[in-house]
Structures are given as C-alpha cells and as structure tokens.
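Q: Could you take a close look at one helix for me, and at what sits around it? A connected walk-through would be great.

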Amino acid sequence: MTDISTVIPVVAAALIDEQGRVCRQQRRLTAMHGGLWEFPGGKVEQLESPESALFREIEEELGVRLDSRALVCTAFASDPALPPMPRAPHVILLYTCRRWQGEVRCLDGEQIAWVWPAELANLAMPPLDYPLARRLVELLGAGAI
C-alpha cells in the first residue's frame, strides 16, 4: 500500500507598496531552501484559518498588521508529485495586500527587498514560488489586482 502523506497548507503574502513593488524575504541560510527569496508567510496551524495564519505569520516575520479588507487570495501552487521523504507535499495560497499597519521589517529571514514585478523572475526562489511569481506578474500586468 502506498503511503499518502497529508498535504501541508501554507500561506504567503505578496505585499505591494504604493510604487507597485513586491516585498520578498530571503530565507535564513540555515533553513531548507536557505538563502532563496520567498513570499513571506508560513504553515497554517491546526484549527487556524488561512487568513488567521497569514495575519500571524506576517506579524511574526515582518512586524506589520495586514488590513483584512485589502487581502486578496491571488494564486496557489502545489507539489506536482509527492516530494522525497521526509518532506510532505505542500500547497501554498498566495494573497496580495496593498495596505498594512506598521513599517515592514525583517524579523525572521536574512533580509527583505522591495522588487519590481518584472524583476521577480531574476530571483532564486524555492520551487513553489516560481509559479506564484509568474501568476502575480500576469495579474499585475493585467491590472487585475
């Protein structure tokens, strides 16, 4: 019998500033995918909604409070096949947000950067961030978000 792992839900945010730049976070060098650039966020805990998890993760990682009225679920990405053990398959929900309270700071990663959408593809990213970045650029270019 094949072992089917439980999918791990993950949430991430594309914070977009007034100039249209996207906030990216460089993962800690000691973490899996260390040094790569990601959309900040993290795992959804048991009994937590995706939105609640996103609010918690962004406050922990960037020190800001997202405006719930400005939150838009924008894209998702999932592992195309079961990844090698011991990693379980992941599904990432990407939200965009253009309004928040506080000043964005790097509290959890190596550094943060504000990147123009056209530059997103030039960053080294974890595998599931590539389709999210492509979709974000498509939607921003179309004026959809």
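A: Let's agree on contact before anything else: two residues touch when heavy atoms come within 4.5 Å. This is a predicted model, so local features need pLDDT of at least 70, side-chain atom pairs count only at pLDDT 80 or more, and totals for chains, interfaces and linings use all residues. Residues are numbered from 1 along each chain as its sequence is written, and side-chain values use heavy atoms, with hydrogens and water left out.

The part to zoom in on is α2, residues 129–141. Helices (H or I, at least four residues) and strands (E, at least two) are DSSP runs, numbered from the N terminus. With 13 residues, α2 spans 18 Å from first C-alpha to last, close to the 18 Å expected at 1.5 Å a residue; that expectation is 1.5 Å times one less than the number of residues.

Now, which residues of α2 are buried? Buried is under 20% relative accessible area, exposed is over 50%, and partly exposed is in between (1.4 Å probe, protein chains only). The buried ones are Asp 129, Leu 132, Ala 133, Leu 136, Leu 139 and Leu 140. They cover an arc of only 130° around the axis, so they lie on the same side of α2; the arc is taken from the directions from the helix axis to the C-beta atoms. Over on the other side of α2, Arg 134 and Gly 141 are exposed.

What does the buried set pack against? Strands β1 (8–15), β2 (22–26), β3 (37–38), β6 (71–78) and β7 (90–97). After α2 comes Gly 143, with a positive phi near 70°.

Two of those packing partners, β2 and β3, turn up again in an open sheet of 3 strands, ordered β3-β2-β9 with antiparallel pairing. Strands pair here if DSSP finds at least two bridges between them. The edge strands are β3 and β9, each pairing on one side only. Between β2 and β9 there are 5 bridges, and Gln 25 stands opposite Ile 112 in β9.

Strand β9 (residues 111–115) also carries Trp 114, whose partner Trp 100 is in β8 (residues 100–101), 14 residues apart. Their ring centres are 6.0 Å apart with planes at 15°, so the pair is stacked. (Rings of Phe, Tyr and Trp, its six-membered ring, pair if their centres lie within 6.5 Å; planes under 30 degrees apart are stacked, over 60 edge-to-face, the rest tilted.) Trp 100 is partly exposed at 22% relative accessible area, and Trp 114 is partly exposed at 26%.
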